[in-house]
Structure formats: structure tokens, C-alpha cells
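Colleague: I'm new to reading protein models and would love some help with charged side chains. Could we go through this one together?

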Amino acid sequence: MSTGVSTSTDKIIVDKSRSLRNKAVTRTVRATRERLQTATGNSPDFEREMLQLHVDSAVQGALAVPVVVVLIAAVGLYLTQDATLLAWAVLALSMHAIGMLVARRARGKDITGETVHRWQRRFLVTQLLMGIAWAVFALQDCSYCSGVSFEFYKGSSLLVALAVTAMGTLMLRHAILCAFGPTVAALTVSTLLHPEPATVGMTAIVAAALIFLVFMTRRLRHTSAQLLSSQSEKDDLIAELEVAKSMSDEARRRAEEANLAKSRFLASMSHELRTPLNAILGFSEVMSTEVLGPLNNPTYKEYTSDIHRSGQHLLNLINEILDLSRIEAGKYDLSEESVHLVDI
């Protein structure tokens with residue numbers, strides 16, 4: 001007969017404590033579905049990602065604005081021989097340096113959903129400071145320059161600076177307005193005070209370019225938000241698929257353990273039940289055939305025959321159950337032979 005150790009092992013073959021893992025996996029799936037249903041381009045997470053993209057873009061393109069400022073100042077000095085453009089260049093570079101310090105500080109911080117708006121305001125303030133520098137440049141004048149060459153120089157420089165700023169601040173909302181709103185305001189005031197055709201034309205072109213770039217940056221930012229939303233949904237779907245695969249693997253493992261427990265039970269039943277059946281069948285056969293002497297009571301002899309037949313029937317049932325386990329295990333061999341259909 002089997003020992004108590006193997007019996008206890010069969011009883012604990014299925015680890016029921018694993019159900020706690022299934023509960024945790026179910027909670028994960030539910031949380032993932034909630035993120036998929038509520039994820040939008042206006043959530044704090046998307047605002048944080050957009051701000052981080054702006055920070056990375058500002059740090060990587062830190063030399064773009066200084067190069068533009070230096071080139072504008074160099075061309076202005078060549079055209080006007082006015083040293084005030086050097087002072088303006090120092091002012092613009094200083095404002096840009098403040099923006100870079102804020103960007104590097106933000107890059108070293110962990111921006112959360114609660115602090116994202118605070119950092120956005122800081123970046124808008126730096127853009128406003130840079131906008132003041134561009135407004136100072138727009139107010140520059142050249143008394144001894146001939147024709148409209150200086151106005152053409154200022155307008156071209158502002159358009160180049162406007163394009164560079166729009167490219168660098170695409171992911172920051174209202175940044176282009178803060179950077180060149182003061183410039184357009186300064187040009188408008190200058191136009192009202194001195195309504196010269198060149199000044200009016202330059203103001204109209206810069207204002208139209210600002211409006212166009214505000215519209216385009218808003219559309220591009222919306223498109224970027226949709227791309228981020230699609231990427232987030234794809235990541236969430238991948239996570240849900242991985243969680244579903246984990247649940248499937250866990251269910252398969254539990255099914256294999258249950259199948260192993262069933263196989264052990266059948267093996268144990270074969271050993272535990274067939275052993276006493278051997279004694280029952282053997283002694284009942286000895287008694288019914290009166291090997292050790294006659295039975296004085298014929299009723300007892302009839303009982304021994306019933307015991308033997310019942311034992312045979314029980315043994316046949318056990319053998320059929322064991323045949324089923326062999327079939328499931330793929331170890332059952334078919335034996336082909338002729339049969340009589342009427343008997344069957």
C-alpha cells in the first residue's frame with residue numbers, strides 16, 4: 001500500500017495560493033482597460049510628455065538661436081555700423097541663456113502631472129523675455145541708412161527668427177505668441193507713430209507670419225498629441241496582451257497540475273483498491289469452491305458466489321477507468337480482433 005507521504009503529496013498537488021496571483025493580474029487588466037478608455041490628448045500625462053519633448057528639443061537645439069542672433073547682429077553691423085546692435089545681441093543671448101538654464105534644470109527634474117503647469121509657465125516666461133529682446137530689435141532704427149534696406153533687413157531677420165522659434169517651441173503651447181507678441185506690438189506702435197510704407201509693410205508681413213505660424217504650430221501640436229495618444233494606446237494594448245498571456249500561462253499551469261493530480265489519484269486508486277480486491281476475489285473463490293471444506297449452510301455458499309461476482313464487476317470498472325487514463329496519456333495500444341456483432 002502507499003505511504004502517508006505520497007498521499008499528502010497528492011492532496012496538495014494543486015497550489016491554491018496561486019489564486020492570489022490571478023486576482024492581482026485581474027486588477028492589472030482592469031486598470032489597463034481604464035487607461036485605454038480615459039486616455040486623451042489633454043490628460044496631464046500627455047501634457048507632461050509634450051513638455052519633456054520641448055525640453056529635449058530646447059537642449060538639443062540650444063545653439064540655433066545664438067547662431068541666428070550672431071548672424072543678425074553681424075549683418076546689422078555691416079549695414080549700419082551701429083554699436084547698439086552689439087548691446088542688443090548681448091541682451092538676446094542673455095535672455096536665451098536664462099531659457100537654457102530653465103530647460104537644463106527641468107531636464108534634471110522629474111516632472112509630474114502636478115508640476116507640469118508650473119514648468120509650462122516658467123518656459124512661457126523665458127519665451128516672453130526672449131520676445132522682449134526681439135521687440136527691442138524691432139525698434140532699432142538707422143538714421144543714415146538709405147532707402148528701405150534697413151527695414152528689409154529687420155523684416156527678414158524677424159521672419160527668420162520667427163521660423164526658428166516656431167520650430168524650437170512646437171511642443172510648448174502659446175510659446176510663439178509669448179516670443180513674438182511683444183515684437184508685433186512694438187511694430188504696431190512704431191507704425192502708428194511713423195506710418196511709413198516700409199514700416200507698415202514690414203509690420204503686416206510679420207503679423208501675418210505670426211498668425212500663420214500660430215495656426216500651424218497648433219495643428220502640428222494637435223497632430224503630435226494624437227500620435228502620442230496612439231503610441232500610448234498601443235503600449236497599453238501590448239501590456240494587456242502580455243497580462244492576458246500571463247493569465248493564460250497560469251491557467252495552463254493549473255490545468256497541468258490538476259491533470260497530474262488526477263493521474264496520481266488514478267494510480268493510487270489502482271493500487272489501493274485492487275490490493276484488497278485481490279483478497280476479496282481470492283477468498284470468495286476459495287469459499288465458493290469449498291477448497292478448505294464444505295459449507296454446512298447453502299445460503300453461505302450462495303453469498304460467496306455473490307461476493308465473487310461483485311468483486312469481478314468492481315475490478316472490471318477499475319480496469320476501464322485505468323484504460324481511460326492510459327488513453328489520455330497516449331500509452332494505450334489498440335488490439336484489433338474479430339468480434340460477433342450480435343453479442344455486442
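Colleague: Does arginine 253 count as buried or exposed?

Modeller: Good place to begin, and keep in mind that this is a predicted model. The relative accessibility of arginine 253 is 17%. Buried means under 20%, so arginine 253 counts as buried.

Colleague: Which residue does arginine 253 meet in a salt bridge?

Modeller: Let's look along helix H9, where arginine 253 has a partner 3 residues apart, about one turn of the helix. That partner is buried, with a relative accessible area of 12%. The two side chains meet at 2.8 Å, N to O. The residue you want is glutamate 250.

Colleague: Why are lysine 245 and aspartate 249 separated by about one helical turn?

Modeller: Both belong to helix H9, which covers residues 197-288. Their side chains meet in a salt bridge of 3.1 Å, N to O. The separation is about one helical turn because, in helix H9, lysine 245 and aspartate 249 are 4 residues apart.

Colleague: What is the N to O value for the salt bridge of aspartate 249 and arginine 252?

Modeller: Aspartate 249 is partly exposed at 30%, and arginine 252 is partly exposed at 47%. They lie 3 residues apart in helix H9. Their side chains meet in a salt bridge, and the N to O value is 4.0 Å.

Colleague: Which residues are linked with Lys245 in a network of salt bridges?

Modeller: We have already met Asp249, whose side chain pairs with lysine 245 and also with arginine 252. The network linked with Lys245 holds Asp249, Arg252 and Glu256.

Colleague: How many salt bridges are found in the whole structure?

Modeller: As a general idea, side chains of opposite charge can pair when their charged atoms come close. A search of the whole structure gives a total of 7.

Definitions and conventions
Residues numbered from 1 in each chain as written. Predicted model: local features only at pLDDT ≥ 70, side-chain atom pairs only at ≥ 80, totals over all residues. Heavy atoms only, no water. Helix = DSSP H or I, 4+ residues; strand = E, 2+ residues; numbered from the N terminus. Buried < 20%, exposed > 50% of the residue type's maximum accessible area, 1.4 Å probe, protein only.
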